[in-house]
Every structure is written in C-alpha cells, then in structure tokens.
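Trainee: Please take me slowly through one part of this model, and then follow the chain from there into the elements that connect with it.

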Amino acid sequence: VLKGVLFASNEQRDFMTLRYFDLSTGTSCEVVSESEMAWDVEHIAASGDAKNTVVVYNVDGCSQAFILRARDPASGPAGLRTELKLAFTGVIDVLQLDSAGTTLGISAISANAPTDTFTLDLASAAPPVRWTEAEVGGLNPLRFVTPSLVRFPSFDNRSISALVYFPPGEGQARAPVIIHPHGGPEGQHRARFSPMIQFLVLELGVCVIDPNVRGSDGYGKEFVNLDNGKNREDSVKDMGAVMDWVEQSPRLDSSRIAVWGGSYGGYMVLAGLVHYSDRLVCGIDMVGISNFVTFLENTSDYRRDLRRVKYGDERDPEMRAFLLSISPLTNAHKIRRPLLIVQGANDPRVPQSEARQIRDKVVENGEEVWYMVAADEGHGFAKKSNVDAYQAALVAFCKKHLLPAAEVNDLTITNNLTIKSEQGEPQAKKPRT
C-alpha cells in the first residue's frame, strides 16, 4: 500500500508531470516523466490500495485518461498502462474511484453536449455507462458538431493548434469563417460545449475556429510565456497563420473571415483588424483592451502588478513607448472594417473607457461601429436578458457583414442595455484582394 501522496507539478519541467511524495522519507520522485507524456496532468484518482490509479491529461484541449501500473517488482516501474476509452471528446471536470478501485466516476462536458455523468468499469473493456442526459431545450443533440483538431505552422515555423467547428455537409459551398481567439491571454480553448458556437455553425453555416495561439495555457511553461512583453504581437501573427490555413482549405471561404473575442480576445480582435483589415470583413470585440497603457493605469489595483508581468510595466519609459506603439488605439486609423463593441459599464478589469476610446477613433475612420453597453454588467455579461441581447446583436451583425445575402432581424433590447450604430464620414478604403 502506498504511504504517500500523488500530485502534479511543473517544478523544473515544462509540463505538469505526475509525482509521488513518500511520507516516510519526505522525498518525492517523478512517476511519469515529461518524455513519456508531454502534456499537463489535470486529474488524479487512486484506490486505497493503490492498485489502480487513473491519471487525466489535457491533450491539445481534450481530456485523455490512463490507468497507471501498480508500483511493484512484478509489473516493473510505474508508468501509463492503458488509455481509457471515454466515448466522448471533451473535458473531464470531476474524477473519482470507488473504494474498491474498480469503478471510475466521471463528470464531463463534451464538445457537442453539456455536462453529463458516466461510470467506467476498469476491469472490463465495456464502454462507459452514461447516467444523465443533459437538458438541451428540446433540440436534437445528434446534430451538434464535434470540432476537428488541426495544426499549422506560424510565421516562425512554430506549430499552432486550433479546434475547428466545420458546418455539416462536405461538398457544399465554401463556408464563411469566424476566428475566435480566447481571453487570458493565458487561457486555452478546450473542447467544451458552447451553445453560441453550435448556433453559428448549424444555423448560420459559419465555420468557427478556436485557435490556441502562443501564450495559451496547456502547452507548457515555455509556450505560455512566448508572448510576454515585447513579444506581444507574435500572438497576433499566429492569428495571421490561421488565415493562411483558411486560404488553403477547400471547405472555407477566405474572402469572408470575421474575428470575435472577449477580454484579451477582444484585444486580439482589434489587433487583428489593425494588421489584417484587408483579410477580414468585420470584428466583434467584447470588453477588449484598446490601449495597454490606459488599461494598466485604470484596471483594478488588485490585478495591475500581475498584468504588468505579462504585458510589461507601463511605468518604464521604454516599455511605455512600446506598449503605446502596438496598442490598437494608436493604430486605429488602420482599422478599415465594421466593428461591434460590447462592454459592461461596471467592468473592474477592462474599464468602459477602453471601449469608448476605440469606438470614437474607428468612427473617425468612417467605419460602421455598433456599440453596446450594459449598465448592470461587469467583465462580460452574466444576466440572461443581457446575454440574449448580446447574442442577438452578434448574430445580426454577422448576418449583415459576414453573410450579406441573409436577412437581418430586428433586435429587442432591454432597459439596462443600449446599442447604438454609428458611422463617421467615409474615407477612401483599400480594396479587398
């Protein structure tokens, strides 16, 4: 019987590896090395006698589970023995073994289904038993789309991965595309059910691409730090590599690409429009950073120093000049496409001033700007009425600019939320190629 603790750590490693701390000696050792499994451990479940241990890894945004060999001379050194067949593509949130160590309980959200509960008999090859059927509002869950995992080289040949939600039906007309950068910037797109993405794919026929650009979590300490400080725009170049991949896909229409993101993903939207307006048709920015200096000066005190580590310290004159030079607000004259801006009036992280200042500059360009503010929201929308209005505006905006042949429905807006469409005097635009 093991008399110690199984845990995960990335001390002196790039990834979170599985380790064992011996209570009797006070020493620890690596159970499964980075060379054996170069992904982060995210869950560990062990039976009381340690004969069965299940380890879950975050592999390119999806959970993969393995049984660990027992630590005894007959079986050799501990290591990953068998990958468990989970019968879903998604993310495990809860993992637990029964007292006998033979039945595994799992709570997981799939890419094409909300959270459900499963059990798995470790002694047999039987598929998992599903105990719940998540509520999907009467929709047919068999229609929901599972993303494809793709990899492509970026500007420096570094491999970037993305989850791609293709509309069903190959051989049809090329689909328009929404590139959807995540927030953080240390976030990670994972194979989790998103009703909004499923709607865009199934009802509007849009391909949604969730890229994990450099700076994303889940790919090791080196990768998550590749966009720090003066490397900030390298992650924007990764988004350009997504567009290169779209151009090579026979299923996608590279002349109809939009970009949509929130928080740091909102910055990526604005930066994408600065650098790639000639390759995009529109952008949707929710609570995004428009100027790194004003953001750092005005964000809440509790998080300012943490963000300085990632973005750079605006109090340093050289770094301040750099941050201003790359900020979308400084380069707003390069934004030549329609923009939807969504903001909570009480945002403690990215203040409303970030939204107002980029709105004013883009309107000066003569571009169409839809500006939505919820008086009773903060960093993102939480109240259902506001979420509904935001999603309705997003769909209407996409129908108008990404799907020009589609009919645009009228919007119903609640009393706590205002949306305003503004457009300045049009200026000469660079034609799309």
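Mentor: Let us begin with Pro185, which is found in the loop between strand S14 (175–179) and helix H1 (195–203); helices (H or I, at least four residues) and strands (E, at least two) are DSSP runs numbered from the N terminus. The model is a predicted one, in which local features need pLDDT of at least 70 and side-chain atom pairs count only at pLDDT 80 or more, while totals for chains, interfaces and linings use all residues. Residues are numbered from 1 along each chain as its sequence is written, and side-chain values use heavy atoms, with hydrogens and water left out.

What deserves your attention in this loop is the peptide bond that joins Gly184 and Pro185, which is cis, with an omega of about 10°. Most peptide bonds are trans, and most residues other than glycine have a negative phi.

If you leave the loop and continue into H1, you can look for its packing partner, helix H9 (residues 384–401), whose axis comes within 12 Å of the axis of H1 and crosses it at roughly 25°. The axes are lines fitted to C-alpha atoms, for helices over the stretch in contact, and the angles run from 0 to 180 degrees between N-to-C directions. The angle makes H1 roughly parallel to H9, a label for values under 35 degrees, whereas those over 145 are roughly antiparallel, 65 to 115 roughly perpendicular and the rest oblique. On the H1 side the contact (heavy atoms within 4.5 Å) is made by Met196, Phe199 and Leu200, and on the H9 side by Gln391, Leu394 and Val395.

The backbone angles lead us on to two further loops. Ser263 has a phi near 60°, a positive value in a residue other than glycine, and Ser263 lies in the loop between S16 and H4. At 19% relative accessibility, Ser263 counts as buried, where buried means under 20% relative accessible area, exposed over 50% and partly exposed in between, with a 1.4 Å probe and protein chains only.

From Ser263 you can follow the chain in either direction. On one side is strand S16 (residues 252–262), which pairs with S17 in the parallel sense over five bridges; to pair, two strands must have at least two bridges found between them by DSSP. One of these bridges has Val259 of S16 and Gly283 of S17 as partners. Five of the five residues of strand S17 (residues 282–286) are buried, so S17 is largely enclosed by the rest of the structure. Both of its faces are covered, because Cys282, Ile284 and Met286 on one side are buried, and so are Gly283 and Asp285 on the other.

On the other side of Ser263 is helix H4 (residues 264–276), whose axis comes within 10 Å of that of helix H3 (residues 232–248), the two crossing at roughly 70°. H3 is therefore roughly perpendicular to H4. Among the residues of H3 in this contact are Arg232, Val236, Met239 and Met243, and they belong to a group that meets residues of H4 including Tyr264, Tyr267, Met268 and Ala271.

The second loop with a positive phi holds Gln12, again a residue other than glycine with a value near 60°. Gln12 has its place between strand S1 (4–9) and strand S2 (17–22), and with a relative accessible area of 70% it is exposed. The strands beside this loop belong to an open sheet of three with the order S1-S2-S3 and antiparallel pairing. S1 and strand S3 (27–32) stand at the edges with a single partner strand each, so one side of each is left without a neighbour in the sheet. The twist averages 30° from one strand to the next. S2 and S3 are joined by five bridges and run antiparallel, and Phe21 has Ser28 in S3 as its bridge partner.

An open sheet of four strands, S8-S9-S10-S11, is likewise paired in the antiparallel sense, with strand S8 (90–97) and strand S11 (129–130) as its edge strands, each pairing on one side only. Two bridges join strand S10 (residues 113–121) to S11, where Val129 is the partner of Thr119.

Finally, consider the chain as a whole, which has nine helices and 20 strands. Of its 433 residues, 54% count as buried, and among contacts between residues at least 6 apart in sequence, 62% join residues at least 24 apart.
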